[in-house]
Amino acid sequence: MDVSKLNIYPLGDQAVTIQLSDQIDPSTNQQVVQIFHYLQNQSLKWITDIIPAYSSITIVYDLASLPSPSTFSSRYEWIKSILIQNIESMNTTIMFGRQIKIPVCYDLSVGPDLIELSQHCKLSIEEVIYKHTQQSYTVYMIGFLPGFPYMASIDPSIQMNRKAEPRQKVPKGSVGIAGAQTGIYPLDSPGGWQIIGQTPMNLFNLSTPNPCLLAPGDSVEFYAISLDDFLKIKSIENT
Amino acid sequence: MSIQIIKPGLFSTIQDEGRKGFQHLGINPNGAMDIRAMQIANALVLNDVSQAILEFYFPGPVLRFTQPAVIALSGADFSAEINGVKLSINQPLLISANTTIQFGSKKWGQVGYLSVQGGFHLTQWLNSYSTNVKAAAGGFEGGILKPGQTIDLNLKTSNKDTSKEFSIIPWKGSVKDFYHSNALQFIPGYEFKKLTASSQELFSSSVFSLLGQSDRMGYRLKGPSLELSTNNEMISSAVTKGTVQLFPSGQCVVLMADHQTTGGYPRMGHIIAADLPTLAQKTRNDAIYFKPTSIDQAEKLFLEQEQHLHKFTNACSLQLDAYHRH
């Protein structure tokens, strides 16, 4: 991979961020996901966390475990050179994330912002639901809460900014819109996204070794379900 | 065989060095706010320094030991006492069965730690004992401690002298190498240059004070209103403990142990790891100053602290060894 355009900077004294671009676009994010998997497979033992984001990736390292860097001014500079070497030697391949279909109930009782959003977008509620379920979204990153997927890009005609005042409690499973992004709250949490529905699926499951349903690089499609089906699936998911 | 939580205190949790390797899933590291105090408390009772400990805020908890135990307190000094007799922090103590520890007034610091020799009997979640309150996982039953809970201990300590409620082990550790009262040093953040020239100047020359709304997620600061010269919407990326974010209001927050894994606010700087214990012990209305530093200086200071900890740990084993042979 071409490393000349990478912007690499310290995120404090125990982490380094590699920024690939300052745009949100699928090809940059695919490179981020590739670097993520590549570095994970290298199992460099001083790395404690690798955090992919929209257009950057951050490597957290254990400073105490690093040897003295004889030819570098700091351990940071040494790590930076190792990371550049790794990324340079990485073969870029086309990757296919998993395709995941997620049921969403767009009933007003679980989509408290549906009316406001449809008025804001000058569309009927049916049109908003149709547009939200019409395409597939890329999971760009997981952040904010355990298992919270940042997905994009939604149809420009149903985009709306976050609420001016976040809600104190957004229920678990809520599906929201923030600008061009759509996301799902895996847990009850305060939050400012425009909530248009709720999925009965668990996005985050404490008792499994892989606690999160989604990962960066996945493709997600939503399909509408009735309130009855929502309640049925929810009761099965939570037993 | 346990500690009973008579009163839980304010936001008492079980923590260790933090949960590593799961931030890509949005699972933040958690862990002790003041990692050094946690390590010191462990070293004093001859635990591995990464052993899980009890973290607490003021007012502290009231804890009853149903069995003898060797314990130590470190970090904040909230005037711990047993039956009206004051206990020193940074000193190991042998507690008799059915003894109750409580705390009086806030003398120094913000966050206290209690270690027990052998540690607490708990199960890990994703390789760590740290409590993740948001996910209701890790620690003790995934949350802050509640009255009436009982936490089992791993080790059965014997105590021949049952006439006293506790005995002080005559060895007090010095923690001066881990804290200071100077400006907190930071590595400038990626968006620092986007501040106006006068705001850049203000960041390193002004007094900030710690606001009461501070918690394990972040320490909120009150200071001069800082302005960006350009106001582009930022794309979310990873943040870390010590990252100083600028809110649209012009005020800053320093992200602490329960920080989100990613964030979209401009990053003014990153408090160096060696200064995080000092920051963690700042309390409401304390004055805070910032001073820029370089990455090599930050690394040097951190590694010096690691050396100090190593020496501290060795001194503890020598002293306690001598005590037991005595």
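User: How do I read salt bridges here, and how many does the rule count over all chains?

Analyst: The rule looks for a side-chain nitrogen of Lys or Arg within 4 Å of a carboxyl oxygen of Asp or Glu. It gives 16 salt bridges over all chains. Bear in mind that this is a predicted model, where local features need pLDDT of at least 70 and side-chain atom pairs count only at pLDDT 80 or more, while totals for chains, interfaces and linings use all residues. Residues are numbered from 1 along each chain as its sequence is written, chains are lettered from A and ligands numbered from 1 in the order in which they are written, and side-chain values use heavy atoms, leaving out hydrogens and water.

User: Which residue does A:D218 meet in a salt bridge?

Analyst: A:R98, with 2.5 Å from N to O. The two sit 120 residues apart in distant parts of the chain. A:D218 is in the loop between strand 12 (194-198) and strand 13 (219-225) of chain A, and A:R98 is in the loop between helix 2 and strand 5 (99-105) of chain A. Those element names are DSSP runs numbered from the N terminus: helices are H or I with at least four residues, strands are E with at least two.

User: How do I read the interface of chain A and chain B?

Analyst: The size of an interface is often given as the accessible area lost when the parts come together. Here, the two chains bury about 3,400 Å² between them, 65% of it on carbon and sulfur atoms (accessible area with a 1.4 Å probe, summed over both parts). 45 residues of chain A are in contact with 37 residues of chain B, with contact meaning heavy atoms within 4.5 Å.

User: Which element gives the largest share to the side of chain A that touches chain B?

Analyst: That's strand 3 of chain A, with five residues. That side divides into 27 nonpolar, 14 polar and four charged residues. Asp, Glu, Lys and Arg count as charged; Ala, Val, Leu, Ile, Met, Phe, Trp, Tyr, Cys and Pro as nonpolar; the others, Gly among them, as polar. Between chain A and chain B, the count of salt bridges is zero.

User: What about empty spaces? How many cavities of 30 Å³ or more does the structure hold?

Analyst: Two. On a 1 Å grid over the protein atoms alone, a cavity is a set of points where a 1.4 Å probe fits but cannot get out; lining residues have an atom within 4 Å of a point. Volume is the space filled by probe spheres set on the points, which are joined across faces, edges and corners. The largest cavity has about 50 Å³ of space, and its lining draws on both chains, including A:F144, A:P146, B:N28 and B:K134. By class, that lining has three nonpolar, four polar and one charged residues. The second largest cavity is about 40 Å³, and among the residues lining it are A:K172, A:M201 and A:N238.

User: What is unusual about the phi of A:F144?

Analyst: A:F144 has a positive phi of about 70 degrees although it is not a glycine. You'll find A:F144 in the loop between strand 6 and strand 7 of chain A.

User: And where are there cis peptide bonds?

Analyst: One runs from A:A152 to A:S153, with omega near -10 degrees. A:S153 is in the loop between strand 7 (149-152) and strand 8 (167-170) of chain A. Another runs from B:F58 to B:P59, with omega near -5 degrees. B:P59 is in the loop between strand 3 (53-57) and strand 4 (62-65) of chain B.

Key. 1 Å grid on protein atoms, 1.4 Å probe; cavity = no way out; pocket = protein on both sides within 12 Å on 5 of 7 lines; lining within 4 Å.
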